[in-house]
Structures are given as structure tokens and as C-alpha cells.
Amino acid sequence: MNAMMFFPSCCTYGKNMENCEMKEVLKATAESEDSYYMYVKFSHCTSKELRENLIKEELMSRFPLTKGKTIYVKEYLGKMYSEYKYEIKVE
């Protein structure tokens with residue numbers, strides 16, 4: 001009796017291989033010094049962690065006073081596919 005082992009190494013898909021990018025910022029507002037809101041469309045981005053990292057980078061580029069502070073992000077699904085709403089608190 002022969003045993004066959006199958007290793008699907010050619011088809012693995014990891015976070016490192018994901019081509020996650022921010023396609024468009026639909027809305028970005030500062031509600032106060034420590035509260036922000038963003039509505040963003042992504043392309044090829046299934047990882048929540050990668051999306052949140054991109055949001056933090058975008059926030060710091062748009063609002064430079066947030067650099068060096070702790071940023072908390074809450075993600076909500078938008079109306080369309082690949083669109084997400086973010087409530088962001090900065091301390």
C-alpha cells in the first residue's frame with residue numbers, strides 16, 4: 001500500500017502576498033483634535049490589519065499632528081464592496 005501526501009505549496013496565499021492598496025478616500029474629516037472619520041475604498045485588500053495600517057498612514061499624512069500618538073481604529077462595512085467606514089480616536 002502506497003501513501004500519497006499532497007502539499008499545496010504552489011497555491012498558498014499569505015498576508016505577505018496580498019496586494020493591498022487604498023484606491024480612494026471618499027471622505028476624511030476631523031471632528032475634534034482627537035476624533036476623526038474616514039470613508040475609504042480599497043482594492044485587493046482582504047486583511048483587516050493591512051487596511052487599518054493604511055488608514056493610520058493616511059491619517060498621519062493628512063493630519064500631521066497625529067504623528068507619535070496612539071491611534072485607535074474602529075472599522076465598519078460601507079455600502080458598497082471594498083468600502084469601509086472608520087472612526088478613529090487619537091490619544
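**Exercise 1. Work out whether Cys20 is buried or exposed, and do the job again for Cys45.**

*Solution.* Let's start with Cys20: its relative accessible area is 17%. Buried means under 20%, so Cys20 counts as buried. Now take Cys45, whose relative accessible area is 10%. That value also falls under 20%, so Cys45 is buried too. Keep in mind that we're reading all this from a predicted model.

**Exercise 2. Find out which residue Cys20 is joined to by a disulfide, and describe the link.**

*Solution.* Step one: look at the sulfur atoms. Those of Cys20 and Cys45 lie 1.8 Å apart. The cut-off for a disulfide is 2.5 Å, so this pair passes and Cys20 is joined to Cys45. Step two: count. The chain has 1 disulfide by this rule. Step three: check the twist. The angle about the S-S bond is -65°, and the link is left-handed. Step four: place the two ends. Cys20 sits in the segment before β1 (21-32), while Cys45 is in the loop between β2 (35-43) and α1 (48-62). With their positions 25 residues apart, the pair ties together distant parts of the chain.

**Exercise 3. Lay out the order of the helix and strands along the chain.**

*Solution.* First, grab the totals: 1 helix and 4 strands. Then walk from the N terminus, and you get β-β-α-β-β.

**Exercise 4. Say what percentage of the chain's residues is buried, and what supplies 53% of the exposed area.**

*Solution.* Of the 91 residues, 29% are buried. Turning to the outside, the chain exposes about 7,000 Å², and carbon and sulfur atoms supply 53% of that area.

Technical notes:
Residues numbered from 1 in each chain as written. Predicted model: local features only at pLDDT ≥ 70, side-chain atom pairs only at ≥ 80, totals over all residues. Heavy atoms only, no water. Helix = DSSP H or I, 4+ residues; strand = E, 2+ residues; numbered from the N terminus. Buried < 20%, exposed > 50% of the residue type's maximum accessible area, 1.4 Å probe, protein only. Areas by Shrake-Rupley, 256 points an atom, 1.4 Å probe, with all protein chains shown as cover.
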